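Work through the exercises below with the model open. Try each task before reading its solution.

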Amino acid sequence: MAKKNELYCTFFINDIQEVSFFYNVDYDYSRLDVNDIQVGISHSIKIDNEKNIVGVHLGIIYLTSEDNVKLLEYSMNINFRIPELKNIITEEDNNIVVKDENIILNLLNISVGTLRGALFLKTKNTGLERFPLPVIPSSLLSKSINK
């Protein structure tokens, strides 16, 4: 049941598209430790009210902590179909206005999980196999949503 000021909506993953993938095959991963890796993540959101689609673009980068050597870079688009989109998300002057931030937070959480699974498959049997995408706290994702 929705709480006060929360909306209920249904959504579906419409499609997933891999945008880019880079893996540094020249790096010696044999002595790499989890503390030697910096992980960066970026995201953007686009809406298509005509098609009831919210697109989440996620990018991830793994760099060495000491000398900023790029080990991996991966990005994908996850498009969600939300039949009630016009009632919950609008675009005004190139700004996305959301009636309930939790909807975007849910889409971001699902997108990060999708990225994590895809990254697991992409790094299987490589030097980065031991370093899955860390869990990203919802509080951190929530802070990244521009109110």
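**Exercise 1: The sheet**

Four strands form an open, antiparallel sheet, in the order β1-β4-β3-β2. The model is a predicted one.

Task: Find which strands stand at the edges, and say why one side of each lacks a neighbour.

Solution. Start with the strand order, β1-β4-β3-β2. β1 (12–23) and β2 (37–48) stand at the edges. Each has a single partner strand, so one side of each is left without a neighbour in the sheet. Now take the angle: ignoring direction, neighbouring strands of this sheet are turned by 15° against each other on average.

**Exercise 2: One strand pair**

Task: State how many bridges join β3 to β4, then find the bridge partner of Ile61 in β4.

Solution. Locate β3 at residues 53–64 and β4 at residues 70–81. The two run antiparallel, joined by eleven bridges. Then go to Ile61: its bridge partner in β4 is Glu73.

**Exercise 3: The helix and the core**

Task: Place helix α2 against the strands. Then work out which element gives the largest share of the largest nonpolar core.

Solution. Helix α2 spans residues 101–123 and lies across β1, β2, β3 and β4. Its direction is at about 135° to β4. Next, the core: it has 33 residues. Ile60, Tyr62, Leu72, Tyr74 and Leu128 touch the most other members. Two or more residues come from each of β2, β3, β4, α1 (85–88) and α2. The largest share, eight residues, is from α2.

Finish with Leu128. Leaving out residues up to four places away in sequence, Leu128 touches Tyr23, Tyr29, Leu32, Ile37, Tyr62, Leu71, Leu72 and Thr123.

Note on methods:
Residues numbered from 1 in each chain as written. Predicted model: local features only at pLDDT ≥ 70, side-chain atom pairs only at ≥ 80, totals over all residues. Heavy atoms only, no water. Pairing = 2+ DSSP bridges. Axes fitted to C-alpha atoms, helices over the stretch in contact; angles between N-to-C directions. Contact = heavy atoms within 4.5 Å. Core = buried A, V, L, I, M, F, W, Y, C linked by side-chain atoms within 4.5 Å. Buried < 20%, exposed > 50% of the residue type's maximum accessible area, 1.4 Å probe, protein only.
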